[in-house]
Amino acid sequence: MKLQEELNYLKGYIKLSKEDAVRRDLLEGFLSERNKCLLLDADSILFKVAHYHQEEQDFEVMYEDYHTQVREIVNTIEEDNFVIDYTIHFFSTCSNNFRYEIDPTYKANREKTPLTEIVKHFKWYVISVLESEGENVKYSDTLEADDLIAEAVEVIEQHYPIVASIDKDLKQIPTCHFDYYKKKIGEDEQGNVLTDFRGFSYTTPQEGREMLLEMLLIGDTSDNIKGVKGIGKVKAKKLLKERNNFGKLRAVVEVYGDSKRLRNNIKLMKL
């Protein structure tokens with residue numbers, strides 16, 4: 001369902017739950033202004049481009065591919081009656097990530113490969129080109145792209161930002177999200193696969209808090225963060241269902257048992 005369709009659906013009810021009423025008001029405010037800024041989590045696009053071009057490693061050609069993919073995302077968003085005033089490209093370049101001080105095993109499951117080296121060098125090439133072209137670029141020696149995006153949303157919230165990413169962790173952030181992962185939607189008459197972006201969603205503050213609590217229960221295998229043994233996505237949703245905010249937090253505390261590990265995981269996961 002598109003955001004405008006969701007708003008129309010919510011406005012069709014005389015009485016709404018408190019959370020649905022908040023969602024309606026946030027959507028109405030967001031959709032009242034056409035002009036937006038796009039906060040682009042660029043790392044996944046870089047990896048995709050580097051993977052495709054890893055044989056020739058022509059950075060000029062790779063940059064054109066990166067630029068084309070960004071342009072496709074912007075065009076698709078603008079087809080939904082938005083106007084992107086400007087785009088900020090966010091990159092993870094941190095060699096002194098503060099999370100390693102909390103847990104030295106953070107991301108320890110990620111092996112270094114020839115491709116990761118290509119991505120690293122290509123990333124700095126893209127950053128240098130974007131900066132030379134006067135584009136908005138954000139990166140840090142201590143913070144990941146996710147952290148920088150969360151900070152940016154707080155600063156420019158009144159301008160109704162759109163976060164473009166495929167990273168579920170960013171759904172903690174209360175704002176509009178555009179998932180640029182391309183899913184299969186069918187085949188044409190010649191049998192060619194047709195794809196389309198997953199597209200828009202909106203995260204309310206309540207949903208952002210619940211997202212973090214769910215992640216704390218499940219853990220994050222991609223970052224080597226362990227949750228609670230025996231709890232997966234279904235069990236986590238059941239545990240958090242139909243509880244108020246304090247009840248949800250208390251449920252997480254109770255199943256963790258180890259309060260120090262819980263505090264550390266909050267520091268590792270919270271944006």
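Before we start, one term: contact means heavy atoms within 4.5 Å. The model is predicted, so local features need pLDDT of at least 70 and side-chain atom pairs count only at pLDDT 80 or more, while totals for chains, interfaces and linings use all residues. Residues are numbered from 1 along each chain as its sequence is written, and side-chain values use heavy atoms, with hydrogens and water left out.

**Exercise 1. Describe helix α10 and its surroundings.**

Step 1. Helices (H or I, at least four residues) and strands (E, at least two) are DSSP runs, numbered from the N terminus. Helix α10 covers residues 245-256, twelve residues in total.

Step 2. Compare its span with the expected one, which is 1.5 Å times one less than the number of residues. From first C-alpha to last, α10 reaches 17 Å, close to the expected 16 Å.

Step 3. Look for buried residues, meaning under 20% relative accessible area (exposed is over 50%, partly exposed in between; 1.4 Å probe, protein chains only). In α10 these are Gly247, Lys248, Ala251, Val252 and Tyr256.

Step 4. Now find their cover: it includes α8 (205-218), β8 (225-226), α9 (233-240) and α11 (259-269).

Step 5. Step past the helix end to Gly257, which follows α10 and has a positive phi, near 75°.

**Exercise 2. Place strand β1 in its sheet.**

Step 1. Two strands pair if DSSP finds at least two bridges between them. The strand order is β3-β2-β1-β4-β5-β6 in an open sheet of six strands with mixed pairing. At the edges are β3 (136-138) and β6 (193-202), each pairing on one side only.

Step 2. Take the β2 side: β1 (residues 35-41) runs parallel to β2 (residues 83-90), joined by seven bridges. Asn35 has Val83 as its bridge partner there.

Step 3. On β4 (residues 162-165), three bridges hold the parallel pairing with β1, and Leu39 is partnered by Val163.

Step 4. Check burial: six of the seven residues of β1 are buried.

**Exercise 3. Find an antiparallel pair, then the helices on the sheet.**

Step 1. Strand β5 (residues 176-187) and β6 run antiparallel, with nine bridges between them. His177 stands opposite Ser201 in β6.

Step 2. Axes are lines fitted to C-alpha atoms, for helices over the stretch in contact, and angles run from 0 to 180 degrees between N-to-C directions. Helix α2 (residues 18-31) lies across β1, β4, β5 and β6, at about 110° to β6.

Step 3. Helix α4 (residues 59-78) touches β1, β2, β4, β5 and β6, and its direction makes about 140° with that of β2.
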